[in-house]
Every structure is written in C-alpha cells, then in structure tokens.
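Hi,

Here is the model I promised to pass on. Have a look at it first, and then read on for what turned up when I went through it.

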Amino acid sequence: MIDSAKIELRNLQVKDYEELKISMVKSYKAMPDEYWSKGEIKTLINKFPEGQLCIVIDNKIAGCALSIIVNYDKFDDNHTYEEIIGGENFSTHTKNGNVLYGIDVFIHPEFRGMRLGRRLYEARKELCEHLNLKSIIFGGRIPNYSKYAEELTPKKYIEKVKLQEIHDPVLSFQLSNDFHVKKVIKGYLPGDHESKEYATLMEWNNIYYSKPQKLVNTTKTVVRLGLVQWQMRLFKDYDALVSQIEFFVDAVSNYQSDFILFPELFNAPLMAQFNHLTEPEAIRGLSSYTERLLETFREFAINYNINIITGSMPMPEGEHMYNVGFLCRRDGSYERYEKLHITPAEETAWGMKGGNKLETFDTDCGKVGVLICYDVEFPEVSRILAEEGMNILFVPFMTDTQNGYSRVKICAQARAVENECYVAMAGSVGNLPKVDNMDIQYAQSAVLTPSDFAFPVNGIKAEATPNTESTLLVDVDLDLLKELHNFGSVRNMKDRRKDLYSLKKKK
C-alpha cells in the first residue's frame, strides 16, 4: 500500500503506452503475451478518447479501463470477443451506438486492495450516463471456474458466487458493482483456460437513459441502389455530358434512391477533342475536367438528395496520373477513393499509377466501400474493407470484351459471398470510334448478394440487359446480412482460421 501517493484518474494517452504495457503484463500473468499493441491503443484513443480511462500513481499506470461504443442491436448475445470489438481496427465502434462496451479492465498487482477497480467502474457509469447510452455491457472472465469445473456447471458456479459460497476475483467484484449476469457464453475468449473458455455477459443499466427520438437521417436498414449502365457516345461539349449526368441523377432520385453509381471513366467521350495528342497527353487533357465534375456531382448530390458514387476519372498529381473517384454525400461532404491496381493497358497507354488510399466510408446508410474495376479481382482488398464494417461494395468498371467483363463479374460475386456483403457493379456500353483505347465497351451491370436462403439462389439480386443503356433500381436489406453473419448455413467471416493466417493493412 502506498500511503502518500497522489491518485489521478484521467483519460489514457498514447505517451502512456510503455507504462501501460508493463502494467498489462504484470496484471495478466496467466496470459503474459496477451497485451495490447501500441497501434491498437493509438487507434482506440483516436476513435474514442473519452472511453479510455486510467489511474496513475507515482507515474505508474495503476489501472486501466478500455471501452468502445457499439450499436448492440446489430449483435447477438452469443457473440465472441473478437466479433464485438471488430478486430484490431475496432470497426464496430460507432458514435451513434447505444451501448458502452467494456473491452478490458485491469489493476496492477502492486496497487490491488486500493479499490481502484471501483473507481474505474464508477467513471464508466458516469460516462455512460453523460453520453446517454442504454447500458454498459462486457464479457467477464470467471478465472476460478477451472477449480470447480468437474463438479459444477457454469450456471451452478455463478449461483454459488452470487450466494458468496465461492469467491471469484472477477465475477464477485462485478456483482458487487451492480452488474448482473445477462448470459453465459461459451467460446467468448479462446485460450482462457482458467475460465474454461466460458464468460459471463455482464450488464449495468443506465436508469437515466432516454431513448433518442428517431430522426430522418438515421442509418437505414433497407437501402435503395440506383446503377447507371452508361452509353458511351460522343458529346458536343462538356455541358452536354453534364446534362446526361443530370438526367440520370434526376431519374434515379425520383425513385427515392439512396445511392447512384456511375461507371469507371464514364467521361471518356470528352477525350475525342484530344485525339490528335498522344495517349498519355489525351488522358491528361481529360483530367482537366475532373475538378469541375466533382463540384457538379457535389451540387447534384445536395439538390437531388442522393449519395453519388461518381465512377472514376483521371486525376494528375505532379508527374503521375491516377484513376480516382468520389463519394459525394447528400449532406455536401465528399470522400475520395483511388484505383489501387492498374492494368497493363492503363500503365502502357496512359502511364497510370496505382493509388494508396484504402478505407471504408460512413454514410447515412451505413459503411460502404468502393473498388474500381480491376481492384475487385484482389480478394485481400475487399476483405480489409469488410473487416472495417462494410455492408455494400460499389464497383464501377469499364471492360471492352466479354472476357474482361466475366473476370470482373465472377470476382465481384465471390467478394459478396466471402465478405457477407452486397456488391453493386456498373459499367459502360456502346462504342467510341473517335477515341483511341476506348473504342468498344461491354457491360451487364448487376447487384450481387451472398448465397444463402435469405438471398437469391444464384446470388444475383438484379442485373441489367447486356450492352443496353439503362438504369437498375434495387433494394437491399442490411438486416439480412446481420442474420447471415450470425445464423447463416456457412459463416465465412466468423469461421476464418485466424490461428493460421491473418491479413493486415500496412497504411
């Protein structure tokens, strides 16, 4: 016991990490290798700084409580620890959630007996009340259960702990702090041999919680997608191209669509005026319209109340040319995405370079991802997006032959199955005889789904007529993805062998 020490309860900072690591290792002697990495702590602090609490005594981290906010309605009580935290990126954290989920609490052995755990729990309760969250939930270990497992079921063990006939250092403490057992979970934390891999799902209810009034801009569960199968044609000028864009935005928005998707390099007809130049010079000429088109799309997104996936357009940065597109939200904000993998033809004809930006985007219809054409043929990329919480993957593409189209379509369908998401793909049709390297097009735009009982048997929600200019309007139900994830015939995301392999984004 430290008699004259100053005790400080505050939010954790990245600079605390080395002391934090020492405290974690000493706290979890039964699992000495199970400590948070500096990158994970940094991510937690960046995403939810007020949820990361620590107690400091004599410049030592004496205790710590880490948490995230989740929309608990999206989870089943039988979740695992890995599922609920969303992996090392904590992709399940959302400021629009309803539950404060505790992901770790520990006290350095040197400072036990000072009731520091109670201070951390009380601070969590105050945070829960301040943020108007419904409750605090977490999975609690029962480390003494291994001593009684041969004679007691988990249920009987919990009853005896409640009656104080058995002392469990974790469960007894949680019960004394007004938490109740919501459920017993098997397999919550693989490798927790002391608990026999059982956990108690604990809950503390915020009696001051007031259910927020449902607003018109809350996240939707049924989302309407509008896909443009764009006819390549020569336009008189830039304004004529914009008029055609507005025609489709107007038409699709009239059906109350939430998104409209344009194809890759849909603005290629404007290259006709640069046909006297070399191909690298011509694509650079086309790129001169990109900033103007971005502003036009942002204006249309607001005016027509629709989120626009702009397909893709060339954009120069210094000496290099990139294939980029934009998510223009209906609130006026926008994000940029980039084509990561450049085809041999793009590299040799135009001098294109692969981009470096890979991320999901938050929208009023949940998290979405965008991969441009060739990118969807690389399964690692979409898996990273899925791990970040993506529900809908948009794929603007441009293919000249049916062979090329089949590669994109087959791979896109595989991405829907393996990542338990919807995939919307839109391409161009027709011919551009006066534009070099863009002369023919083949496409059949489609919305693809996982393959299980709640979805079409062939995994195709809807598809357009091949090689015909048209729009495709499709409703997708995001709740079906949740059901698939928890109760599907197969569960690709859950059943990955993370003990054998892993995937990590470097940037």
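Which ring does the charged end of Lys186 sit over? That would be the ring of Tyr198, with the charged end 4.5 Å from the ring centre. A second case of this kind involves Arg292, whose charged end sits over the ring of Tyr238, 3.9 Å from its centre.

Before you go further, please keep in mind that this is a predicted model, and that the numbers here are computed from it.

**The chain as a whole**

The protein chain has 507 residues, and 52% of them are buried. There are 13 helices and 23 strands in it. Taken along the principal axes, the C-alpha atoms fill a box of roughly 85 × 50 × 45 Å. If you look at contacts with a separation of 6 or more, 70% of them are between residues 24 or more positions apart.

**Aromatic rings**

How many aromatic pairs are there? The count comes to 25. One of them is Tyr145 with Tyr157, an edge-to-face pair with 5.2 Å centre to centre and 70° between the planes. Tyr145 is in the loop between strand E5 (135-141) and helix H5 (154-162), while Tyr157 belongs to helix H5 itself, so the pair ties together parts that are twelve residues apart in sequence. Both rings belong to buried residues: Tyr145 has a relative accessibility of 4%, and for Tyr157 the figure is 0%.

Another edge-to-face pair is made by Phe247 and Phe248, at 5.1 Å centre to centre and with 65° between the planes. Phe248 counts as buried, at 4% relative accessibility. These two also belong to a cluster joined by ring pairs, which takes in Trp230, Phe235, Phe247, Phe248, Phe262, Phe266 and Phe297. That cluster is worth pulling up on screen.

**Helix H4 and what flanks it**

Helix H4 covers residues 116-130, which is 15 residues. From first C-alpha to last, H4 reaches 21 Å, close to the 21 Å expected at 1.5 Å a residue. The buried residues in H4 are Leu116, Gly117, Leu120, Tyr121, Ala123, Arg124, Lys125, Leu127 and Cys128. A reminder for reading that list: an α-helix has 3.6 residues a turn, so residues three or four places apart point the same way.

Arg115 is in the loop between strand E4 (99-107) and H4. Its phi is near 60°, a positive value in a residue other than glycine. Arg115 is exposed, with a relative accessible area of 57%.

After H4 comes Asn132, also with a positive phi, near 55°. Asn132 lies in the loop between H4 and E5 and is partly exposed, with a relative accessible area of 26%.

**H11, H12 and Leu371**

How do H11 and H12 pack? Helix H11 (residues 379-387) and helix H12 (residues 402-419) meet at an angle of about 40°, and their axes are 10 Å apart. On the H11 side the contact is made by Pro379, Ser382, Arg383 and Ala386, and on the H12 side by Arg415, Glu418 and Asn419. The crossing of H11 past H12 is right-handed.

Leu371 is in the loop between strand E16 (366-370) and H11. Is Leu371 buried or exposed? At 2% relative accessibility, Leu371 is buried, because the cut-off is under 20%. Leaving out residues up to four places away in sequence, Leu371 touches Leu358, Val376, Val381, Ser382, Leu385, Leu393, Phe394, Val395 and Pro396. Ser382 also takes part in the H11 and H12 contact. The C-alpha atoms of Leu371 and Glu359 are separated by 10.0 Å, and these residues are twelve apart along the chain.

**Gln441**

One last residue to look at is Gln441, in strand E20 (residues 440-441). Gln441 counts as buried, with 6% relative accessibility. Again not counting residues up to four places away in sequence, Gln441 touches Met232, Met398, Thr399, Asp400, Ser428, Val429, Gly430, Asn431 and Asn467. The C-alpha atoms of Gln441 and Lys353, 88 residues apart along the chain, are separated by 23 Å.

Cheers

How values were computed:
Residues are numbered from 1 along each chain as its sequence is written. This is a predicted model: local features need pLDDT of at least 70, side-chain atom pairs count only at pLDDT 80 or more; totals for chains, interfaces and linings use all residues. Side-chain values use heavy atoms; hydrogens and water are left out. Rings of Phe, Tyr and Trp (its six-membered ring) pair if their centres lie within 6.5 Å; planes under 30 degrees apart count as stacked, over 60 as edge-to-face and the rest as tilted. Helices (H or I, at least four residues) and strands (E, at least two) are DSSP runs, numbered from the N terminus. Buried means under 20% relative accessible area, exposed over 50%, partly exposed in between (1.4 Å probe, protein chains only). A charge sits over a ring if NZ of Lys or CZ of Arg is within 6 Å of the ring centre and within 35 degrees of the ring normal. The expected span of a helix is 1.5 Å times one less than its number of residues. Axes are lines fitted to C-alpha atoms, for helices over the stretch in contact, and angles run from 0 to 180 degrees between N-to-C directions. A crossing is left-handed if the near helix is turned anticlockwise from the far one by less than a right angle, and right-handed if clockwise. Contact means heavy atoms within 4.5 Å.
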